[in-house]
Amino acid sequence: MSLFLAISTIWAVAAIVLLVFSWRLARTGKTHVHKTLMILLALGAWVFFASYLFTQRYGDPAAVPFPKEHVIWMAVHGTIGLIPLVGATCLIVSRVRSKGNYRSTHLNRNHKHYGRVLVVIWLFTHLGGIFNAVFL
Ligand code: HEM
């Protein structure tokens, strides 16, 4: 297993645990810790995405190229992964802005609903990442 794959699998497991924990915190009203965790998770996801692009661009010597029949699944998986990344960033920016426009007001009003959908997609993405590392 390449170093990148090992780190990304550890990150996926940690992120699943933290996402479920953070959701639970939001449900029980501990929103301050929920806020900190969600910001850390979103930052971690951006760092992961940047390092993924970096590895694709400059190559990972230990990486084994995946078979052609997996390319579509990898593309679908990566594209779906961008949805919670961009969505979570929008939710965070809307919450931390002192003065909101109509878009952030809309996101803040519907935070709970958008957040639930994004967390489920986010969890699916990480589960897919673990599946890739173990079975592909
Ligand atoms: C600055 C960052 C954030 C703050 C301050 C924050 C704060 C809150 C607060 C106060 C609530 C209670 C309901 C409400 O007021 O609407 C809540 C609920 C929730 N948040 Fe966040 N949140 C943040 C980021 C996120 C992100 C990035 C996500 C997911 C991508 C998320 C997912 C959720 C979910 C799923 C709930 C509903 C929990 C439930 O009742 O099922 N939050 N959040």
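Me: A helix is a DSSP run of H or I with at least four residues, a strand a run of E with at least two, and both are numbered from the N terminus. How many helices and strands are in the chain?

Reply: There are 5 helices and 0 strands, and the pattern along the sequence is α-α-α-α-α. This is a predicted model, in which local features need pLDDT of at least 70 and side-chain atom pairs count only at pLDDT 80 or more, while totals for chains, interfaces and linings use all residues. Residues are numbered from 1 along each chain as its sequence is written.

Me: What span is expected of α1, and what does α1 reach?

Reply: The expected span is 1.5 Å times one less than the number of residues. α1 has 25 residues, which gives an expected 36 Å, and its first and last C-alpha atoms are 36 Å apart, therefore α1 is close to expectation. Just after α1, Gly 29 takes a positive phi of about 85°.

Me: Why are Ser 8 and Leu 19 of α1 called buried?

Reply: A residue is buried if 20 or more other C-beta atoms, placed from the backbone, lie within 10 Å of its own (exposed means 12 or fewer, partly exposed in between). Ser 8 and Leu 19 are among the buried residues of α1, therefore each meets that count. Ala 12, Ala 15, Ser 22 and Ala 26 are buried in α1 too. Their cover includes α2 and α5. In the chain, 16% of the 136 residues are buried.

Me: What makes a group of residues a nonpolar core, and which have the most contacts inside the largest one?

Reply: Its members are buried Ala, Val, Leu, Ile, Met, Phe, Trp, Tyr or Cys, joined through C-beta atoms within 7 Å. The largest core has 13 residues, and Leu 19, Leu 41, Ala 42 and Ala 88 have the most contacts inside it. α1 (3-27), α2 (31-58), α3 (71-96) and α5 (111-135) each give at least two of its residues; α2 has the largest share, with 4.

Me: Which residues does Ala 88 contact beyond its sequence neighbours within four places?

Reply: Met 38, Ala 42 and Leu 118; their C-beta atoms, placed from the backbone, lie within 7 Å of that of Ala 88, which is why they count as contacts.

Me: What makes a residue part of the shell around the ligand, and which come nearest?

Reply: Its C-beta atom, placed from the backbone, must lie within 6 Å of the ligand. Of the 21 residues around the ligand, Ala 26, Thr 31, Lys 35, Met 38 and Gly 115 come nearest. α1, α2, α3 and α5 each supply at least two residues of this shell.

Notes
Two residues are in contact if their C-beta atoms, placed from the backbone, lie within 7 Å.
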